[in-house]
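Good morning, everyone, and thank you for making time for this. I would like us to look at one structure together, going from its overall division down to the way individual helices pack.

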Amino acid sequence: MTDRQRVAFQGEPGAYSEEASLLSVPGCEPVPLPSLRDVFESVANKHTDLAVVPVENSQAGSIHETYDLLLEYAGKIFIRGEHELRVRHCLLGIQDTELDRINKAYSHPQALAQAANWLRAHNIQPVAYYDTAGAAKLVSELQDPTIAAVASRRAAEVWGLRVLAADIEDNKTNRTRFVIIGRSPVVHTEQPSEEGKTTLVFSTPNKPGALYHALGCFAKNNVNLTKIESRPSRGEGWEYIFYVDCQGWVTDQDLRRALDCLNEQSRWVKVLGSYPKSVDEANMNSGI
Ligand SMILES: O=C(O)C(=O)C[C@]1(C(=O)O)C=C[C@@H](O)C=C1
């Protein structure tokens, strides 16, 4: 018997999500799964204890599928933490090839977006695949000297590939933020000493000033927002729902007041999690 925490991630061994799992839940057993939906299902069905899923990248932006799943599983799944990973991409090929022989690069669409300029400058055609490490696996299986994968140095080791070029991300501070999800929220019996962060989602009525009044709840109560993301409501008409990250624990008095106000201004509000803010992000100036 092992009491290592089983942490689901999307992709194959060597994926960035696996690295983020190992760093954010030390000593865990990462469990690879094909899709983000499989990852949410496995936590909800108790096949795994936790999961680590990407939410946004500093260059390519938000991972909308994760946002949609966070809402779909709200009440069953809670955000319990976050982790920022500096993502350094490499171009990986089989052992007996050279950079100038490569004409196609397979990878996750997010990774291709993060290295788009570099690939264009090297005349390499991007081809979307389900995962960076899955692309590395494909290249190692096909043994074709003209194709490569955009993936991590770890993926090269796992799948026996050669690093043809390193640090090919267009933005040299390229970072991806992951959230750690589980079946229960972080519970605070007393005011925690760690800095907190809260993620919530709300829907506004379709009337003039609705979003202005909703966001005013945070401003009036001195709660700092660090991110806002809108997604289609998926109902009739052009209506939207809004995801907000803000500083503070959901148990803080200022945030409680902001939430009371938001409940009055919105059709509905759901708190997706209140969790310790990542240390790295505490050093970034992300106020909006
Ligand atoms: O494909 C991977 O390796 C992943 O872990 C997914 C993912 C993402 O979805 O953003 C994670 C980090 C990088 O931004 C690129 C890809």
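How far apart do the C-alpha centres of domain 1 and domain 2 lie? Please keep in mind, before I answer, that what we have on the screen is a predicted model. In this model the C-alpha centres of domain 1 and domain 2 are 23 Å apart. The contact between these two draws on 13 residues from domain 1 and 16 residues from domain 2, and the side of domain 1 that touches domain 2 consists, by class, of six nonpolar, five polar and two charged residues.

Let me now say where these domains run along the chain. Domain 1 is made of two stretches, 6–86 and 175–182, while domain 2 covers 90–165 and domain 3 covers 196–282. Alongside this division there is an annotation from UniProt, in an unreviewed entry, which reads "domain: Prephenate dehydratase" and covers residues 6–183. If we take that span in the model, the C-alpha atoms at its two ends lie 13 Å apart, and its content is 32% helix and 33% strand.

Now to the helices. Two packed helices are described by the angle between their axes and by the distance between those axes, and I have two pairs to show you.

The first pair is helix α2, residues 36–44, with helix α3, residues 64–72, and here the axes are 10 Å apart and the packing angle is about 30°. Because angles under 35 degrees count as roughly parallel, α2 is described as roughly parallel to α3. The crossing of α2 and α3 is right-handed. Where they touch, L36, R37 and F40 of α2 meet E65, T66 and L69 of α3, and the residues of this contact divide into three nonpolar, one polar and two charged.

The second pair is helix α8, residues 210–220, with helix α9, residues 253–265. Are α8 and α9 roughly parallel or roughly antiparallel to each other? Their axes come within 8 Å and cross at roughly 170°, and α8 and α9 are therefore roughly antiparallel. The crossing of α8 and α9 is, once more, right-handed. On the α8 side the contact is formed by H213, A214, C217, F218 and K220, which meet A258, C261, L262 and Q265 in α9, and by class these residues are six nonpolar, two polar and one charged.

Technical notes:
Residues are numbered from 1 along each chain as its sequence is written. This is a predicted model: local features need pLDDT of at least 70, side-chain atom pairs count only at pLDDT 80 or more; totals for chains, interfaces and linings use all residues. Axes are lines fitted to C-alpha atoms, for helices over the stretch in contact, and angles run from 0 to 180 degrees between N-to-C directions. Helices (H or I, at least four residues) and strands (E, at least two) are DSSP runs, numbered from the N terminus. Angles under 35 degrees count as roughly parallel, over 145 as roughly antiparallel, 65 to 115 as roughly perpendicular and the rest as oblique. A crossing is left-handed if the near helix is turned anticlockwise from the far one by less than a right angle, and right-handed if clockwise. Two residues are in contact if their C-beta atoms, placed from the backbone, lie within 7 Å. Ala, Val, Leu, Ile, Met, Phe, Trp, Tyr, Cys and Pro count as nonpolar, Asp, Glu, Lys and Arg as charged, and the others, Gly among them, as polar. UniProt positions are given in the numbering used here, feature names are shortened, and annotations may be inferred rather than shown by experiment. Domain bounds come from an automatic or database domain assignment.
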